[in-house]
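Please load the model in your viewer, show side chains as sticks, and follow the charged pairs in the order given below.

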Amino acid sequence: MSRTFATVLCLPLALIAATTASAQPIRPFSFGALKAAQAAGKPVLVDVFAPWCPTCRAQAPTIDALATDPSTSSLVILRVDFDHQNSELAFLHVNKQATLIAYKGKAEVGRALGITDPDQIKALARSALR
């Protein structure tokens with residue numbers, strides 16, 4: 001195999017790796033993760049999710065896209081398990097699944113319940129990035 005051909009084959013993989021490296025995965029919510037992100041002044045989107053909830057499932061593709069979008073790469077996305085994280089829900093003052101909360105550092109800058117429109121979800125997430 002010629003060196004030029006090998007370089008051409010590796011280039012797309014390098015581009016994919018660079019794109020993936022800029023994305024942050026959606027992480028499980030914990031008090032420590034939220035406090036660390038807030039202390040660092042990072043923008044945070046909290047997603048209160050239940051697998052049986054059709055609204056949560058409708059929100060998920062947009063939230064997944066935010067996690068991989070380079071323009072929102074600094075956004076920390078934390079997913080709360082609605083069925084099992086009762087003390088976390090109480091701390092966040094949440095009593096319904098499909099709740100999204102945006103933080104800019106320690107300040108809550110937006111909260112929405114049950115929105116599924118991708119533009120509204122992205123606008124809420126971007127409110128933490130401003």
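Begin by selecting Glu108 and Arg111 in this predicted model, where the two side chains form a salt bridge whose closest N and O atoms are 2.9 Å apart. If you colour by accessibility, Glu108 appears as partly exposed, with a relative accessible area of 39%, and Arg111 likewise counts as partly exposed, at 34%.

Next, select Arg79 and Asp47, which form a salt bridge with the closest N and O atoms 2.7 Å apart. This pair links distant parts of the chain, since Arg79 sits in strand E3 (residues 76-81) and Asp47 in strand E2 (residues 43-49), with their positions 32 residues apart in numbering. Is Asp47 buried or exposed? Asp47 counts as buried, at 1% relative accessibility, whereas its partner Arg79 is partly exposed, with a relative accessible area of 22%. Keep both selected and add Asp64, because Asp47, Asp64 and Arg79 are linked in a network of salt bridges, each a contact within 4 Å.

Then move to Arg126 and Asp69, a salt bridge in which the closest N and O atoms are 3.8 Å apart. Here too the pair links distant parts of the chain: Arg126 belongs to helix H5 (residues 118-127), while Asp69 lies in the loop between helix H3 (54-68) and E3, the two being 57 residues apart. Arg126 is partly exposed at 31% relative accessibility, and Asp69 is partly exposed as well, with a relative accessible area of 26%.

To finish, display every salt bridge at once; the count comes to 4.

Terms used
Residues numbered from 1 in each chain as written. Predicted model: local features only at pLDDT ≥ 70, side-chain atom pairs only at ≥ 80, totals over all residues. Heavy atoms only, no water. Helix = DSSP H or I, 4+ residues; strand = E, 2+ residues; numbered from the N terminus. Buried < 20%, exposed > 50% of the residue type's maximum accessible area, 1.4 Å probe, protein only.
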